[in-house]
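Trainee: I would like to work through this model with you, from the overall fold down to single contacts. Shall we begin?

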Amino acid sequence: MKLSTIDSAAAQQRYSTVAILLHWAIALALAFQLALGFAMPKNESGFALYQLHKSVGITILLLTLARLAWRLTHRPPPAVERGFNGFLAKAVHVLLYVFMIGAPLTGWAVVSTSRIQVPTMFWGAIPWPHLPLSHAVHEIAEEGHELLAWIGIALFLLHVAGALRHQFLVKDGLLKRMGPRGSAGLAGLLAALVVVVYFGTGMKISSDVVAAGGYGPKAPAAVPSPTATPTVEATPVAEEIEVAEEEEPASPLTWAIQRGGRLGFTVTSGSDTYKGSFSDWSGAIKFDPENPGSADIRMSINLASASIGDETMDGMLVGADFLAASANPTATWRSSSVTQTGPNRFRADGTLSLKGVSKPQSLTFRLSGEGLRRHVEGSASIDRNAFSVGTGETAAGLGGSVALNFAFDATGREP
(Lines give C-alpha, C1' and ligand atoms only; values in the text may rest on other atoms or scores of the structure.)
Protein backbone atom coordinates (compact mmCIF):
# COMPACT_ATOMS: atom_id res chain seq x y z
CA MET A 1 0.00 0.00 0.00
CA LYS A 2 1.35 3.46 -0.92
CA LEU A 3 2.20 5.92 1.81
CA SER A 4 0.30 8.58 -0.10
CA THR A 5 -3.06 8.09 -1.81
CA ILE A 6 -5.04 10.52 -3.92
CA ASP A 7 -8.80 10.78 -3.86
CA SER A 8 -9.73 12.05 -7.33
CA ALA A 9 -13.33 12.59 -6.32
CA ALA A 10 -12.27 14.79 -3.41
CA ALA A 11 -10.04 16.77 -5.77
CA GLN A 12 -13.08 17.85 -7.75
CA GLN A 13 -14.94 19.29 -4.77
CA ARG A 14 -14.68 23.07 -4.84
CA TYR A 15 -14.17 25.49 -1.99
CA SER A 16 -17.02 27.90 -1.32
CA THR A 17 -17.20 31.15 -3.28
CA VAL A 18 -16.31 33.21 -0.19
CA ALA A 19 -13.26 31.02 0.49
CA ILE A 20 -12.12 31.36 -3.13
CA LEU A 21 -12.51 35.14 -3.11
CA LEU A 22 -10.60 35.47 0.16
CA HIS A 23 -7.88 33.11 -1.08
CA TRP A 24 -7.13 35.10 -4.22
CA ALA A 25 -7.52 38.50 -2.54
CA ILE A 26 -4.95 37.48 0.07
CA ALA A 27 -2.65 35.99 -2.60
CA LEU A 28 -2.65 39.21 -4.65
CA ALA A 29 -2.17 41.36 -1.54
CA LEU A 30 0.73 39.16 -0.39
CA ALA A 31 2.43 39.33 -3.79
CA PHE A 32 2.17 43.12 -3.77
CA GLN A 33 3.29 43.37 -0.12
CA LEU A 34 6.35 41.14 -0.49
CA ALA A 35 7.50 43.06 -3.57
CA LEU A 36 6.89 46.37 -1.82
CA GLY A 37 8.66 45.28 1.37
CA PHE A 38 11.86 44.20 -0.34
CA ALA A 39 11.90 47.24 -2.64
CA MET A 40 11.60 49.72 0.22
CA PRO A 41 14.69 51.51 1.59
CA LYS A 42 16.46 50.61 4.81
CA ASN A 43 17.73 53.98 6.01
CA GLU A 44 16.00 56.54 3.81
CA SER A 45 12.79 58.47 4.02
CA GLY A 46 10.40 56.63 1.72
CA PHE A 47 7.51 57.43 4.07
CA ALA A 48 4.76 57.18 1.47
CA LEU A 49 5.86 53.62 0.72
CA TYR A 50 5.96 52.77 4.41
CA GLN A 51 2.44 54.09 4.89
CA LEU A 52 1.26 52.01 1.93
CA HIS A 53 3.12 48.97 3.28
CA LYS A 54 1.38 49.37 6.64
CA SER A 55 -2.07 49.69 5.06
CA VAL A 56 -1.56 46.60 2.90
CA GLY A 57 -0.25 44.67 5.93
CA ILE A 58 -3.30 45.55 8.01
CA THR A 59 -5.53 44.53 5.08
CA ILE A 60 -3.79 41.14 4.87
CA LEU A 61 -4.24 40.64 8.62
CA LEU A 62 -7.97 41.42 8.42
CA LEU A 63 -8.50 39.25 5.34
CA THR A 64 -6.60 36.37 6.95
CA LEU A 65 -8.67 36.56 10.12
CA ALA A 66 -11.82 36.56 7.98
CA ARG A 67 -10.50 33.57 5.99
CA LEU A 68 -9.66 31.71 9.19
CA ALA A 69 -13.08 32.44 10.69
CA TRP A 70 -14.75 31.19 7.51
CA ARG A 71 -12.59 28.07 7.53
CA LEU A 72 -13.52 27.28 11.13
CA THR A 73 -17.26 27.75 10.52
CA HIS A 74 -17.52 26.13 7.08
CA ARG A 75 -16.21 22.65 6.37
CA PRO A 76 -13.62 22.70 3.54
CA PRO A 77 -13.45 19.96 0.89
CA PRO A 78 -11.70 16.79 2.10
CA ALA A 79 -7.95 16.45 1.63
CA VAL A 80 -6.90 14.91 -1.66
CA GLU A 81 -3.75 13.27 -0.32
CA ARG A 82 -2.82 11.32 2.74
CA GLY A 83 0.46 10.07 4.14
CA PHE A 84 3.60 12.21 4.05
CA ASN A 85 2.48 14.37 1.09
CA GLY A 86 -0.81 15.08 2.82
CA PHE A 87 1.01 15.99 6.05
CA LEU A 88 3.40 18.30 4.15
CA ALA A 89 0.54 20.07 2.38
CA LYS A 90 -1.32 20.58 5.66
CA ALA A 91 1.86 21.84 7.38
CA VAL A 92 2.43 24.42 4.63
CA HIS A 93 -1.16 25.64 4.95
CA VAL A 94 -0.90 25.98 8.75
CA LEU A 95 2.44 27.80 8.48
CA LEU A 96 0.99 30.13 5.85
CA TYR A 97 -1.69 31.16 8.34
CA VAL A 98 1.03 31.72 10.98
CA PHE A 99 2.95 33.87 8.50
CA MET A 100 -0.08 35.87 7.32
CA ILE A 101 -0.98 36.71 10.91
CA GLY A 102 2.53 36.92 12.40
CA ALA A 103 4.07 39.19 9.75
CA PRO A 104 1.45 41.97 10.10
CA LEU A 105 1.54 41.68 13.91
CA THR A 106 5.34 41.99 14.08
CA GLY A 107 5.19 44.90 11.63
CA TRP A 108 2.57 46.52 13.84
CA ALA A 109 4.86 45.97 16.82
CA VAL A 110 7.80 47.56 14.96
CA VAL A 111 5.77 50.70 14.25
CA SER A 112 4.35 50.80 17.79
CA THR A 113 7.76 50.54 19.50
CA SER A 114 9.70 52.91 17.25
CA ARG A 115 11.28 55.87 19.01
CA ILE A 116 9.61 58.11 16.44
CA GLN A 117 5.89 57.57 16.87
CA VAL A 118 4.55 58.01 13.35
CA PRO A 119 0.74 57.81 13.27
CA THR A 120 -0.66 55.06 11.07
CA MET A 121 -3.57 56.05 8.86
CA PHE A 122 -5.26 52.95 7.40
CA TRP A 123 -5.49 53.76 3.68
CA GLY A 124 -5.00 57.42 4.58
CA ALA A 125 -8.42 57.69 6.23
CA ILE A 126 -8.76 55.64 9.44
CA PRO A 127 -6.42 56.24 12.43
CA TRP A 128 -4.87 52.92 13.47
CA PRO A 129 -3.77 52.59 17.12
CA HIS A 130 -0.34 51.54 18.32
CA LEU A 131 0.16 48.41 20.40
CA PRO A 132 0.94 49.07 24.09
CA LEU A 133 4.48 47.65 23.88
CA SER A 134 7.81 48.80 25.29
CA HIS A 135 10.62 50.03 23.04
CA ALA A 136 12.69 47.17 24.49
CA VAL A 137 10.97 44.73 22.12
CA HIS A 138 11.53 46.89 19.03
CA GLU A 139 14.65 45.08 17.80
CA ILE A 140 13.12 41.65 18.41
CA ALA A 141 9.98 42.65 16.51
CA GLU A 142 12.05 44.08 13.65
CA GLU A 143 14.17 40.94 13.30
CA GLY A 144 11.11 38.72 13.59
CA HIS A 145 9.30 40.70 10.90
CA GLU A 146 12.18 40.34 8.46
CA LEU A 147 12.61 36.63 9.24
CA LEU A 148 8.90 36.01 8.69
CA ALA A 149 9.14 37.75 5.32
CA TRP A 150 11.76 35.27 4.14
CA ILE A 151 9.81 32.34 5.59
CA GLY A 152 6.71 33.65 3.85
CA ILE A 153 8.46 33.63 0.49
CA ALA A 154 9.58 30.03 1.04
CA LEU A 155 6.04 28.95 1.99
CA PHE A 156 4.65 30.91 -0.96
CA LEU A 157 6.94 28.99 -3.34
CA LEU A 158 6.14 25.63 -1.71
CA HIS A 159 2.43 26.32 -2.03
CA VAL A 160 2.76 27.21 -5.72
CA ALA A 161 5.03 24.22 -6.37
CA GLY A 162 2.47 21.91 -4.77
CA ALA A 163 -0.33 23.30 -6.93
CA LEU A 164 1.78 22.90 -10.09
CA ARG A 165 2.65 19.33 -9.13
CA HIS A 166 -1.02 18.41 -8.85
CA GLN A 167 -1.93 20.17 -12.07
CA PHE A 168 0.85 18.89 -14.36
CA LEU A 169 2.30 15.73 -12.74
CA VAL A 170 -0.53 14.16 -10.79
CA LYS A 171 -3.15 15.66 -13.14
CA ASP A 172 -5.97 15.41 -10.63
CA GLY A 173 -7.58 18.79 -11.45
CA LEU A 174 -6.78 20.21 -8.03
CA LEU A 175 -6.72 23.80 -9.32
CA LYS A 176 -10.44 23.55 -10.06
CA ARG A 177 -11.08 23.61 -6.31
CA MET A 178 -9.88 27.22 -6.16
CA GLY A 179 -10.93 28.27 -9.65
CA PRO A 180 -13.96 30.46 -10.33
CA ARG A 181 -16.79 28.26 -11.64
CA GLY A 182 -14.56 25.24 -11.13
CA SER A 183 -12.21 26.26 -13.93
CA ALA A 184 -8.58 25.21 -13.62
CA GLY A 185 -7.73 27.63 -16.43
CA LEU A 186 -9.07 30.63 -14.54
CA ALA A 187 -7.27 29.49 -11.41
CA GLY A 188 -4.06 29.29 -13.43
CA LEU A 189 -4.59 32.80 -14.77
CA LEU A 190 -5.09 34.12 -11.25
CA ALA A 191 -1.91 32.36 -10.13
CA ALA A 192 -0.03 33.95 -13.05
CA LEU A 193 -1.45 37.33 -12.05
CA VAL A 194 -0.05 36.84 -8.56
CA VAL A 195 3.42 36.29 -10.03
CA VAL A 196 3.08 39.31 -12.32
CA VAL A 197 2.00 41.51 -9.39
CA TYR A 198 4.99 40.38 -7.33
CA PHE A 199 7.69 40.87 -9.92
CA GLY A 200 5.98 43.78 -11.67
CA THR A 201 5.57 45.76 -8.47
CA GLY A 202 9.14 45.16 -7.38
CA MET A 203 10.60 46.15 -10.74
CA LYS A 204 8.36 49.22 -11.09
CA ILE A 205 9.21 50.56 -7.65
CA SER A 206 12.92 49.82 -8.11
CA SER A 207 13.00 51.57 -11.50
CA ASP A 208 11.22 54.59 -10.03
CA VAL A 209 13.81 54.74 -7.25
CA VAL A 210 16.71 54.56 -9.71
CA ALA A 211 15.14 57.23 -11.93
CA ALA A 212 14.59 59.51 -8.94
CA GLY A 213 18.12 59.05 -7.67
CA GLY A 214 17.03 57.31 -4.45
CA TYR A 215 14.26 57.60 -1.92
CA GLY A 216 13.21 60.81 -0.24
CA PRO A 217 11.85 64.05 -1.65
CA LYS A 218 13.20 65.00 -5.06
CA ALA A 219 15.15 68.17 -5.46
CA PRO A 220 13.11 70.73 -7.35
CA ALA A 221 14.05 70.90 -11.00
CA ALA A 222 15.57 74.06 -12.37
CA VAL A 223 12.22 75.08 -13.84
CA PRO A 224 10.12 78.06 -12.79
CA SER A 225 7.51 77.10 -10.20
CA PRO A 226 4.76 79.20 -8.66
CA THR A 227 5.87 78.22 -5.15
CA ALA A 228 9.61 78.54 -5.76
CA THR A 229 11.63 81.43 -4.43
CA PRO A 230 10.40 84.80 -5.70
CA THR A 231 12.83 87.37 -6.89
CA VAL A 232 14.12 89.90 -4.43
CA GLU A 233 11.94 92.69 -5.86
CA ALA A 234 8.80 90.83 -4.74
CA THR A 235 9.59 90.97 -0.99
CA PRO A 236 9.00 93.77 1.51
CA VAL A 237 12.61 93.35 2.62
CA ALA A 238 13.70 94.14 -0.91
CA GLU A 239 11.73 97.37 -0.85
CA GLU A 240 13.59 98.42 2.28
CA ILE A 241 16.86 97.67 0.54
CA GLU A 242 15.85 99.77 -2.48
CA VAL A 243 15.12 102.71 -0.16
CA ALA A 244 18.48 102.20 1.49
CA GLU A 245 20.11 102.19 -1.94
CA GLU A 246 18.67 105.59 -2.71
CA GLU A 247 20.10 106.93 0.55
CA GLU A 248 23.48 105.21 0.13
CA PRO A 249 24.54 105.19 -3.51
CA ALA A 250 27.77 103.34 -2.64
CA SER A 251 25.99 100.25 -1.32
CA PRO A 252 26.95 96.81 -2.73
CA LEU A 253 25.19 94.86 -5.46
CA THR A 254 21.61 93.73 -4.96
CA TRP A 255 21.05 90.08 -5.92
CA ALA A 256 17.76 88.54 -7.04
CA ILE A 257 17.29 84.87 -6.18
CA GLN A 258 16.11 82.99 -9.25
CA ARG A 259 13.33 80.43 -9.26
CA GLY A 260 14.23 76.74 -9.04
CA GLY A 261 16.43 76.89 -5.93
CA ARG A 262 16.35 74.42 -3.06
CA LEU A 263 16.25 74.78 0.72
CA GLY A 264 16.53 71.33 2.28
CA PHE A 265 17.06 69.80 5.70
CA THR A 266 18.23 66.49 7.12
CA VAL A 267 17.88 64.98 10.58
CA THR A 268 18.95 61.57 11.85
CA SER A 269 17.36 59.09 14.24
CA GLY A 270 19.73 56.27 15.05
CA SER A 271 20.61 54.66 11.72
CA ASP A 272 17.71 56.34 9.89
CA THR A 273 17.99 59.60 7.96
CA TYR A 274 15.02 61.85 7.27
CA LYS A 275 15.27 64.35 4.43
CA GLY A 276 12.92 67.16 3.53
CA SER A 277 12.68 70.62 2.03
CA PHE A 278 10.80 73.93 2.10
CA SER A 279 8.95 74.81 -1.08
CA ASP A 280 8.20 78.44 -0.18
CA TRP A 281 11.05 80.72 0.87
CA SER A 282 12.53 84.03 -0.24
CA GLY A 283 15.51 86.26 0.31
CA ALA A 284 16.87 89.78 -0.05
CA ILE A 285 20.60 89.97 -0.64
CA LYS A 286 23.03 92.90 -0.75
CA PHE A 287 26.49 91.49 -1.19
CA ASP A 288 29.80 92.41 -2.78
CA PRO A 289 32.15 89.40 -3.09
CA GLU A 290 35.10 91.81 -3.00
CA ASN A 291 33.85 93.51 0.16
CA PRO A 292 31.83 90.92 2.15
CA GLY A 293 31.87 93.05 5.29
CA SER A 294 29.23 95.35 3.76
CA ALA A 295 26.76 92.52 3.17
CA ASP A 296 23.14 92.54 4.30
CA ILE A 297 21.44 89.16 3.78
CA ARG A 298 17.90 88.37 4.87
CA MET A 299 15.95 85.13 4.42
CA SER A 300 12.30 84.29 5.10
CA ILE A 301 10.86 80.77 5.22
CA ASN A 302 7.21 79.73 5.17
CA LEU A 303 7.25 76.90 7.75
CA ALA A 304 3.98 75.42 6.49
CA SER A 305 5.76 74.56 3.23
CA ALA A 306 8.02 72.00 4.97
CA SER A 307 7.70 68.48 3.57
CA ILE A 308 9.46 65.14 3.86
CA GLY A 309 7.33 63.45 1.23
CA ASP A 310 4.61 61.89 3.37
CA GLU A 311 1.26 63.47 4.19
CA THR A 312 1.06 62.12 7.75
CA MET A 313 4.66 63.01 8.59
CA ASP A 314 4.24 66.45 7.04
CA GLY A 315 1.26 67.07 9.30
CA MET A 316 3.38 66.21 12.33
CA LEU A 317 6.25 68.35 11.07
CA VAL A 318 4.24 71.58 10.90
CA GLY A 319 2.38 70.76 14.13
CA ALA A 320 2.92 72.14 17.62
CA ASP A 321 5.59 69.58 18.61
CA PHE A 322 7.85 70.59 15.74
CA LEU A 323 7.60 73.78 13.64
CA ALA A 324 4.28 75.08 15.05
CA ALA A 325 3.53 76.72 11.70
CA SER A 326 0.07 77.92 12.75
CA ALA A 327 1.31 79.95 15.71
CA ASN A 328 4.61 81.05 14.12
CA PRO A 329 4.22 80.76 10.35
CA THR A 330 7.55 82.32 9.34
CA ALA A 331 11.18 81.77 10.25
CA THR A 332 13.67 84.52 9.44
CA TRP A 333 17.43 84.84 9.36
CA ARG A 334 19.42 88.06 8.99
CA SER A 335 23.16 88.40 8.72
CA SER A 336 25.18 90.52 11.13
CA SER A 337 28.61 89.95 9.56
CA VAL A 338 30.06 88.11 6.57
CA THR A 339 33.72 87.12 6.28
CA GLN A 340 35.68 85.40 3.53
CA THR A 341 37.22 82.05 4.55
CA GLY A 342 38.80 81.05 1.24
CA PRO A 343 38.56 81.53 -2.53
CA ASN A 344 34.83 82.13 -3.18
CA ARG A 345 34.01 80.75 0.28
CA PHE A 346 32.33 82.74 3.04
CA ARG A 347 30.97 82.50 6.57
CA ALA A 348 27.91 84.50 7.54
CA ASP A 349 26.98 85.09 11.17
CA GLY A 350 23.50 86.27 11.99
CA THR A 351 20.31 85.72 13.96
CA LEU A 352 17.72 83.01 13.36
CA SER A 353 14.18 83.64 14.62
CA LEU A 354 12.08 80.48 14.86
CA LYS A 355 9.01 79.62 16.95
CA GLY A 356 9.26 82.95 18.79
CA VAL A 357 12.90 82.37 19.75
CA SER A 358 15.87 84.32 18.35
CA LYS A 359 19.35 82.81 18.58
CA PRO A 360 22.73 83.42 16.91
CA GLN A 361 23.10 81.21 13.85
CA SER A 362 25.98 80.98 11.39
CA LEU A 363 26.10 79.45 7.94
CA THR A 364 28.73 78.92 5.26
CA PHE A 365 28.38 79.30 1.52
CA ARG A 366 30.36 79.07 -1.68
CA LEU A 367 30.03 81.10 -4.88
CA SER A 368 30.61 79.97 -8.44
CA GLY A 369 30.11 81.75 -11.72
CA GLU A 370 31.23 85.22 -12.74
CA GLY A 371 30.03 88.80 -12.91
CA LEU A 372 26.34 89.35 -12.32
CA ARG A 373 25.39 85.67 -12.56
CA ARG A 374 26.35 83.49 -9.61
CA HIS A 375 25.46 80.09 -8.20
CA VAL A 376 25.29 79.79 -4.42
CA GLU A 377 25.59 76.59 -2.35
CA GLY A 378 25.71 76.53 1.41
CA SER A 379 24.87 74.77 4.64
CA ALA A 380 24.24 75.28 8.33
CA SER A 381 23.84 73.12 11.41
CA ILE A 382 20.89 74.13 13.60
CA ASP A 383 20.38 73.06 17.20
CA ARG A 384 16.69 72.14 17.09
CA ASN A 385 16.46 71.96 20.90
CA ALA A 386 17.44 75.62 21.19
CA PHE A 387 14.23 76.49 19.32
CA SER A 388 12.03 73.74 20.87
CA VAL A 389 11.64 72.03 17.51
CA GLY A 390 10.76 68.43 18.31
CA THR A 391 9.23 67.92 21.73
CA GLY A 392 7.45 64.99 23.34
CA GLU A 393 7.55 61.30 22.45
CA THR A 394 7.27 61.90 18.72
CA ALA A 395 10.77 63.41 18.71
CA ALA A 396 12.41 60.80 20.94
CA GLY A 397 15.56 59.48 19.29
CA LEU A 398 15.97 62.36 16.85
CA GLY A 399 19.42 63.88 16.55
CA GLY A 400 19.84 67.27 18.19
CA SER A 401 21.27 68.91 15.06
CA VAL A 402 19.36 69.57 11.86
CA ALA A 403 21.55 69.93 8.77
CA LEU A 404 20.31 72.72 6.51
CA ASN A 405 21.45 72.92 2.89
CA PHE A 406 20.61 75.39 0.17
CA ALA A 407 21.44 76.02 -3.46
CA PHE A 408 20.19 78.66 -5.88
CA ASP A 409 21.15 80.91 -8.78
CA ALA A 410 21.23 84.69 -8.33
CA THR A 411 21.59 87.61 -10.69
CA GLY A 412 22.98 90.93 -9.57
CA ARG A 413 22.37 94.50 -10.57
CA GLU A 414 24.41 97.58 -10.00
CA PRO A 415 23.15 100.03 -7.32
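Trainee: What share of the 415 residues of the protein count as buried?
Mentor: Keep in mind that this is a predicted model. Buried means under 20% relative accessible area. Of the 415 residues, the share that meets this is 43%.

Trainee: How many helices and strands does the protein have?
Mentor: Both kinds of element are present. The count is eight helices and 13 strands.

Trainee: Of the contacts in the protein with a separation of 6 or more, what share comes from residues 24 or more positions apart?
Mentor: Take the contacts with a separation of 6 or more as the whole. Then pick out the pairs 24 or more positions apart. Their share is 68%.

Trainee: How far does helix α5 reach from its first C-alpha to its last?
Mentor: Helix α5 covers residues 138–170, which is 33 residues. At 1.5 Å a residue, 48 Å is expected. The model comes close to that, at 46 Å.

Trainee: Which residues in α5 are buried?
Mentor: An α-helix has 3.6 residues a turn, so residues three or four places apart point the same way. Look for that spacing in the list for α5. The buried residues are H138, A141, L148, A149, G152, I153, L155, F156 and H166.

Trainee: Which residue just after α5 takes a positive phi?
Mentor: Go just past the end of α5. Phi there is about 55°. The residue is K171.

Trainee: Which residues touch the most other members of the largest nonpolar core?
Mentor: In soluble globular proteins, nonpolar side chains tend to be buried together. The largest nonpolar core here has 47 residues. Strand β13, residues 401–413, gives the most to this core, with five residues. The members that touch the most others are F278, F287 and F365.

Trainee: How many residues are in the second, separate core?
Mentor: This core includes L30, L34, F99 and M100. Its count is 16 residues.

Trainee: What does F287 touch, not counting residues up to four places away in sequence?
Mentor: F287 is buried. It lies in the loop between β6 (281–286) and β7 (296–302). With residues up to four places away left out, F287 touches P252, L253, W255, P292, A295, V338, F346, F365 and L367.

Trainee: Why is the pair of F265 and F278 tilted?
Mentor: There are nine aromatic pairs in the count. In this one the ring centres are 5.3 Å apart and the planes stand at 55°. Planes under 30 degrees apart count as stacked and over 60 as edge-to-face, so an angle in the remaining range makes a pair tilted. The angle to quote is 55°.

Trainee: Which strands hold F265 and F278?
Mentor: Both residues are buried. They are 13 residues apart, and the pair links distant parts of the chain. F265 is in β4 (residues 262–269) and F278 in β5 (residues 272–278).

Trainee: What kind of aromatic pair do F287 and F365 form?
Mentor: F365 is in strand β11, residues 357–370, so the pair ties together parts 78 residues apart in sequence. The rings are 5.8 Å centre to centre, with 75° between the planes. Over 60 degrees is the cut-off that applies. The pair is edge-to-face.

Trainee: Which residues do ring pairs link into a cluster?
Mentor: Follow the ring pairs from one residue to the next. The cluster holds W108, F122, W123 and W128.

Trainee: Which side chain joins that of T120 in a polar contact?
Mentor: T120 is found in strand β1, residues 120–122. At 8% relative accessibility, T120 counts as buried. The polar contact spans 3.1 Å. The partner is K54.

Trainee: Which residue forms a salt bridge with R298?
Mentor: The structure holds four salt bridges. In this one, the closest N and O atoms are 3.0 Å apart. Both partners are buried. The residue is D296.

Trainee: How far apart are N and O in the salt bridge of R366 and E377?
Mentor: R366 is partly exposed, with a relative accessible area of 31%. E377 counts as partly exposed at 36%. R366 is in strand β11 and E377 in strand β12 (residues 373–383). The N to O distance is 3.3 Å.

Notes: Residues are numbered from 1 along each chain as its sequence is written. This is a predicted model: local features need pLDDT of at least 70, side-chain atom pairs count only at pLDDT 80 or more; totals for chains, interfaces and linings use all residues. Side-chain values use heavy atoms; hydrogens and water are left out. Helices (H or I, at least four residues) and strands (E, at least two) are DSSP runs, numbered from the N terminus. The expected span of a helix is 1.5 Å times one less than its number of residues. Buried means under 20% relative accessible area, exposed over 50%, partly exposed in between (1.4 Å probe, protein chains only). A nonpolar core is a set of buried Ala, Val, Leu, Ile, Met, Phe, Trp, Tyr and Cys residues joined through side-chain atoms within 4.5 Å. Contact means heavy atoms within 4.5 Å. Rings of Phe, Tyr and Trp (its six-membered ring) pair if their centres lie within 6.5 Å; planes under 30 degrees apart count as stacked, over 60 as edge-to-face and the rest as tilted. A polar contact is a pair of N or O atoms within 3.5 Å; within protein, one must be able to donate a hydrogen and the other to accept it, and residues adjacent in sequence count only if both atoms are side-chain atoms. A salt bridge is a side-chain nitrogen of Lys or Arg within 4 Å of a carboxyl oxygen of Asp or Glu.
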